[in-house]
Every structure is written in structure tokens, then in C-alpha cells.
Amino acid sequence: MNTKVSTVEGTQGGKQQTIQALADSGASASIISWDLAKNINMIMYEKGDATLKDASHKHMDVSGKGEIIVQEDHGLPHKIQVLVSKDLGKDELVVGLEDLKDLNILHKGFPKTLPEWRRDANVQYNIMRGDQWYEHKEV
């Protein structure tokens with residue numbers, strides 16, 4: 001997703017950069033690359049007890065944490081907390097599940113279906129053709 005990334009308002013020397021962020025519904029946290037954090041002059045804090053594992057359960061570097069402002073095309077600016085990792089590429093940002101919900105990219109109940117797309121239990125079956133279909137009904 002085409003995304004503007006910048007430091008939190010009021011940060012001196014903050015910069016803005018437009019990148020292609022990765023929307024990752026499998027990520028429990030949002031992660032910014034070390035290089036991108038430096039490029040936008042993000043204030044970095046101690047990582048505390050934060051740890052990261054990739055999809056293969058291998059440990060990833062966590063160099064710190066901080067806050068950034070992200071703005072998707074035609075979206076509103078939104079402040080998110082990020083972990084900083086040297087294991088990501090130069091200008092990479094991974095937007096995790098909860099931030100995707102807060103940005104309204106995914107609905108708040110994800111992975112539940114949206115109420116307007118839930119199916120009623122009324123299944124129609126045509127015995128002659130052997131097919132079935134669902135009648136769409138708003139909930």
C-alpha cells in the first residue's frame with residue numbers, strides 16, 4: 001500500500017517519505033527498518049523486553065522502538081507504535097494487524113466477516129441440477 005511515513009508532529013528535524021508498506025494481518029506488531037527510521041529522523045527508544053520472530057519462527061533483530069505517523073493514499077494521518085529492526089530492507093515498513101484495524105484497512109472484527117456479508121442459514125438446493133446457493137440477506 002502506498003504510504004507516507006513521517007515522524008510524530010513536534011519532532012525537530014522530522015522528514016516525510018513515501019514508501020510501499022506491507023499490510024501484514026499475520027504480524028502482531030508494526031515494524032520499521034533501521035534505515036527508514038533513520039531517514040525520517042524517528043526518535044528511537046530502548047526496546048525493553050520486545051522480541052520479534054519471523055514467519056519461520058526465527059528470531060529477528062530488535063534495535064529499538066518508537067512512534068511514526070503513517071498516511072495511506074486518501075486516508076487520514078495515524079500515529080502507530082513500531083519496533084525497529086535491522087533485518088528489514090532499506091525502506092521497509094510492515095503494518096501489523098491491530099494498526100491495520102485502526103487505519104480501517106481491515107474491519108475491527110477481522111477475521112470475522114462483515115455483517116452485511118454474513119449468510120443466513122437459508123440454503124437453497126436444486127435437486128434436479130444438483131447445485132446449491134445461498135440467499136444473501138442483510139443482518
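## Exercises on a predicted model

Thr3 comes out buried, because its relative accessibility is 2% (buried means under 20% relative accessible area, exposed over 50%, partly exposed in between, with a 1.4 Å probe and protein chains only). Before you start: this is a predicted model, where local features need pLDDT of at least 70 and side-chain atom pairs count only at pLDDT 80 or more, while totals for chains, interfaces and linings use all residues. Residues are numbered from 1 along each chain as its sequence is written, and side-chain values use heavy atoms, with hydrogens and water left out.

**Exercise 1.** Find where Thr3 sits and what it touches.

*Step 1.* Thr3 belongs to strand 1 (strands are DSSP runs of E, at least two residues; helices are runs of H or I, at least four; both are numbered from the N terminus).

*Step 2.* Leaving out residues up to four places away in sequence, Thr3 is in contact with Gln17, Thr18, Ile19, Ala21, Val70, Gln71 and Glu72 (contact means heavy atoms within 4.5 Å).

**Exercise 2.** Work out the sheet, starting from strand 1.

*Step 1.* Strand 1 (residues 2-7) runs antiparallel to strand 7 (residues 64-72), with five bridges joining them (two strands pair if DSSP finds at least two bridges between them). Across that pairing, Val5 stands opposite Val70, and Thr7 has Ile68 as its bridge partner.

*Step 2.* Move on to strand 8 (residues 78-85), which pairs with strand 7 in the antiparallel sense over seven bridges. Here Ile68 turns up again, with Ile80 as its bridge partner in strand 8. Five residues lie between the strands of this hairpin, and His74 takes a positive phi near 65°.

*Step 3.* Now put the whole order together: seven strands make an open sheet, 2-1-7-8-4-9-3, with mixed pairing. Strand 2 (16-20) and strand 3 (22-23) are at the edges with a single partner strand each, so one side of each has no neighbour in the sheet.

**Exercise 3.** Which salt bridge partner does Glu67 have, and how exposed are the two residues?

*Step 1.* Glu67 pairs with Lys79, their closest N and O atoms being 3.8 Å apart (a salt bridge is a side-chain nitrogen of Lys or Arg within 4 Å of a carboxyl oxygen of Asp or Glu).

*Step 2.* The pair links distant parts of the chain, with Glu67 in strand 7 and Lys79 in strand 8, 12 residues apart.

*Step 3.* Glu67, at 31% relative accessible area, is partly exposed; Lys79, at 46%, is partly exposed too.
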